[in-house]
Amino acid sequence: MKKNLLISISEKAIKYEDFNFTSEQIENNWLGTIPATEKQINDAENKLGIKLPENYIEFIRITNGFSAPNDIEQSFENIENIDFLKNIDDFVIEAYAYLP
């Protein structure tokens, strides 16, 4: 069911040319990538020291990353690039440092 939703998003976005898609994305009519492997999932969990949420694992088993379908939405990084926000963008942490 979730894969059907991602397929629908891909098809509609590419059809309506809402974004600057790659020729590969247009040819395949798909904004995703190949699914993550169990090793990639285990490696990410070990690196982060956490158990990833089941709905996220289900997502990356469908596509290990997903391009933005337009100029407004965010892309989803592949599992090798996920990390804690403090390790990715310390400016965001500093911007909210005044909060208790």
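Which helix gives the largest share of the lining of the largest pocket? Hold that thought while we look around, and keep in mind that this is a predicted model.

Let's start with helix 1, which covers residues 2-16, and helix 4, which covers residues 54-62. Their axes come within 10 Å and cross at roughly 55°. Angles of 65 to 115 degrees would count as roughly perpendicular and those under 35 as roughly parallel, so helix 1 and helix 4 are oblique to each other. The crossing of these two helices is right-handed. If you want to see where they touch, look in helix 1 for Lys 2, Lys 3 and Leu 6, which meet Asn 55, Glu 58, Phe 59 and Ile 62 in helix 4. That contact is a mix: three of its residues are nonpolar, one is polar and three are charged.

Helix 4 has another partner to show you. Helix 3, residues 38-48, has an axis that comes within 10 Å of the axis of helix 4, and the two cross at roughly 140°. An angle over 145 would count as roughly antiparallel, so helix 3 and helix 4 are oblique to each other. Here too the crossing is right-handed. On the helix 3 side you'll find Glu 38, Ile 41 and Glu 45, and they meet Ile 57, Ile 60 and Arg 61 in helix 4. This contact splits into three nonpolar and three charged residues, with no polar ones.

Now for the empty spaces, and back to our opening question. The largest pocket holds about 210 Å³ of space. Helix 1 gives the largest share of its lining, with four residues. Among the residues around this pocket are Lys 2, Leu 5, Leu 6 and Ile 9, along with Phe 59, Phe 66 and Phe 76. You've met some of these names already: Lys 2, Leu 6 and Phe 59 also take part in the contact of helix 1 with helix 4. Sorted by class, the lining of the largest pocket has seven nonpolar, two polar and two charged residues.

The second largest pocket has a volume of about 180 Å³. Its lining includes Thr 22, Glu 24, Gln 25, Asn 28, Trp 30 and Leu 31. By class, this lining has six polar residues, three nonpolar and one charged. One residue to look for is Ser 67, which lines the largest pocket and also lines the second largest pocket.

Methods. Residues are numbered from 1 along each chain as its sequence is written. This is a predicted model: local features need pLDDT of at least 70, side-chain atom pairs count only at pLDDT 80 or more; totals for chains, interfaces and linings use all residues. Side-chain values use heavy atoms; hydrogens and water are left out. Axes are lines fitted to C-alpha atoms, for helices over the stretch in contact, and angles run from 0 to 180 degrees between N-to-C directions. A crossing is left-handed if the near helix is turned anticlockwise from the far one by less than a right angle, and right-handed if clockwise. Contact means heavy atoms within 4.5 Å. Ala, Val, Leu, Ile, Met, Phe, Trp, Tyr, Cys and Pro count as nonpolar, Asp, Glu, Lys and Arg as charged, and the others, Gly among them, as polar. On a 1 Å grid over the protein atoms alone, a cavity is a set of points where a 1.4 Å probe fits but cannot get out, and a pocket is an open set with protein on both sides within 12 Å along at least five of seven lines; lining residues have an atom within 4 Å of a point. Grid points are joined across faces, edges and corners, and a volume is the space filled by probe spheres set on the points.
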